[in-house]
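This report covers a few helices and the cysteines of one model. Please look over the sequence and the structure before reading on.

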Amino acid sequence: MTYQATSEHAQARKALLKTKFFPYWLDNAQAPDPEPALKDSISCDLLIVGAGFTGLWAAIHAKEQNPDREVVIIEAQCIAIGASGRPAAILSTSVMHGLENAARLFPQDIDALEELGKENLDGFRDTIERYDIDCDIEWGGELTVAVGEEGLDDIEKEYGLYKRYGHDAYLLDKDEVREQMDSPLFNGGLWSKSRSGTVHPAKLAWGLKRAAMALGVRIYEYTPLQSSEHLKPGVRVTTPEGTINANKVLLATNAFAAGNKKIKTRVAAIRDRIVVTEPLTDEQMATIGWKNRQGIYDTRTQLNYMRLTADNRILFGGRLGYFFNNDTDPKADRSAENFLPLVENFYKTFPSLRDIRFSHAWSGPIGLTTRMAVHFQHYHDGDMIYAGGYSGFGVTATRFGSRVGLAILDGDDIPETRMQFATSLPGYIPPEPFRWFGAKITMYALDTVDAKGGWRKLWISMVEKMGFPITQNELG
């Protein structure tokens with residue numbers, strides 16, 4: 001649906017006139033040169049397909065566990081060009097897309113998952129420190145904010161879960177939340193202070209690449225997987241100019257779903273949109289507060305999330321879209337039209353910043369499944385495993401998912417591989433054109449339900465009963 005140009009929207013259009021439609025994180029002089037493409041026939045113990053967070057974490061895990069293991073990564077484009085270079089990058093202990101989502105999906109395992117999540121975050125921090133990765137990391141915590149009175153019940157419910165599972169969390173009233181972030185929309189909040197913060201995702205990915213190569217991992221960029229063949233045992237992967245014979249293959253392709261056509265029967269590539277402002281002045285920062293620099297989510301159906309960058313830009317995201325046939329690089333999403341509603345929501349959230357411009361805008365693919373968290377698909381009698389399905393919180397959760405996926409691939413008998421999340425699959429997603437029609441109706445309903453209600457509530461309820469917790473979606 002075309003976003004109409006009226007006087008009400010003129011300010012949003014003006015703010016996007018000089019915007020670069022490319023991820024702010026990747027528009028950086030520190031980006032490393034890509035590694036050469038594979039142009040030969042090679043062999044290895046472990047082949048990882050995809051050099052986003054899942055693939056990079058898996059390579060580091062594999063080499064730290066066994067330094068003699070021959071590990072190769074192939075990447076269809078360049079490091080972090082997919083979802084890993086595009087998120088808000090708000091850090092969390094959750095490994096299952098949030099505490100509420102984990103409690104809903106795996107109530108029998110929630111205690112263990114919470115402990116594993118805390119251990120994962122501590123390991124995440126330790127890795128960054130051991131390999132001296134400069135990634136603008138800050139530990140201001142997470143802040144969930146209630147928009148209007150109707151969001152307060154959600155905040156209180158989530159607070160109960162946080163306290164039950166031992167989080168350093170605090171319930172904030174209207175005055176207290178506005179001491180943290182002075183927005184007229186916020187009526188309350190939940191501040192989880194420990195083991196959370198923000199990071200520059202591209203710098204993190206580039207640092208992980210450097211660490212993996214220092215451990216002996218071979219990386220080939222601009223080397224897409226074209227096909228795979230089971231060697232019984234082992235797998236032969238064909239690329240445009242080479243082949244790889246691998247004992248084991250980990251498909252770390254998330255929303256891109258590369259490796260087997262069946263992956264997409266359970267994974268849909270949903271676009272999540274983000275805008276980033278020009279750097280705020282000291283005076284502009286003073287009007288909004290935000291002295292503790294938390295990553296922030298709100299409670300609306302079509303939620304927004306926000307954070308600060310190291311140079312005090314505001315990243316603001318949260319409007320979803322879907323393009324026919326799981327298109328992961330739609331040209332239509334590189335224009336101002338699809339970002340106008342997001343900019344208008346920004347101005348409602350920060351009315352004191354109505355004159356600010358936006359330097360960058362982009363969208364990124366999230367791997368939507370009916371559980372919105374990592375799962376594992378088995379191919380070639382288990383010699384090839386897909387580990388993916390992250391729909392948010394992936395910067396930290398990918399470290400966990402890659403570790404478990406590697407254990408499944410190697411046949412290691414650890415407690416995590418016996419848990420329900422590792423032994424079950426998310427629900428089936430209908431093919432095109434039904435997927436496109438359903439997605440379009442759902443996105444429209446999400447955009448308008450808070451203002452208009454009606455059939456939209458019934459539709460969203462039906463979609464969620466089918467297994468899609470769509471009101472909890474974000475790229476964080």
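How far is the sulfur of Cys 135 from the closest cysteine sulfur, and which residue holds that sulfur? The distance is 19 Å, and the partner sulfur lies in Cys 78, so the two are too far apart for a bond. The model is a predicted one. A disulfide requires cysteine sulfurs within 2.5 Å. By this rule the disulfide count is 0. Cys 78 is in no disulfide, with the sulfur of Cys 135 as its nearest cysteine sulfur at 19 Å. Cys 135 is also buried, at a relative accessible area of 1%.

**Helix packing**

Two packed helices are described by the angle between their axes and the distance between the axes. Helix 4 (residues 110-130) packs against helix 10 (residues 394-410) at about 105°. Their axes lie 9 Å apart. Helix 4 is therefore roughly perpendicular to helix 10, since angles of 65 to 115 degrees fall in that class. Helix 4 brings Leu 116, Asn 120, Leu 121, Gly 123, Phe 124 and Thr 127 to the contact. Helix 10 answers with Val 395, Thr 396, Ala 397, Arg 399, Phe 400 and Arg 403. By class, this contact holds 6 nonpolar, 4 polar and 2 charged residues.

Arg 125 also belongs to helix 4. Arg 125 is partly exposed, with a relative accessible area of 37%. Leu 225 sits 100 residues from Arg 125 along the chain, and their C-alpha atoms are separated by 32 Å.

**Two covered helices**

Burial in helices 2 and 9 is set out below.

| Helix | Residues | Buried residues |
|---|---|---|
| Helix 2 | 53-65 | 11 of 13 |
| Helix 9 | 340-349 | 8 of 10 |

Helix 2 reaches 18 Å from its first C-alpha to its last. That is close to the 18 Å expected at 1.5 Å a residue. Helix 2 is mostly covered. Its buried residues include Phe 53, Leu 56, Trp 57 and Ile 60. His 61 and Lys 63 are also among them.

Helix 9 is largely enclosed by the rest of the structure, because 8 of its 10 residues are buried. Those buried residues are Leu 340, Pro 341, Leu 342, Val 343, Glu 344, Phe 346, Tyr 347 and Thr 349. What covers the buried residues of helix 9? The cover includes helix 1 (10-15) and strand 6 (186-192). It also includes strand 12 (268-277), strand 14 (305-308), strand 15 (314-321) and strand 16 (358-368).

Notes:
Residues numbered from 1 in each chain as written. Predicted model: local features only at pLDDT ≥ 70, side-chain atom pairs only at ≥ 80, totals over all residues. Heavy atoms only, no water. Axes fitted to C-alpha atoms, helices over the stretch in contact; angles between N-to-C directions. Helix = DSSP H or I, 4+ residues; strand = E, 2+ residues; numbered from the N terminus. Parallel < 35°, antiparallel > 145°, perpendicular 65-115°, else oblique. Contact = heavy atoms within 4.5 Å. Nonpolar A, V, L, I, M, F, W, Y, C, P; charged D, E, K, R; others polar. Expected span 1.5 Å × (residues − 1). Buried < 20%, exposed > 50% of the residue type's maximum accessible area, 1.4 Å probe, protein only.
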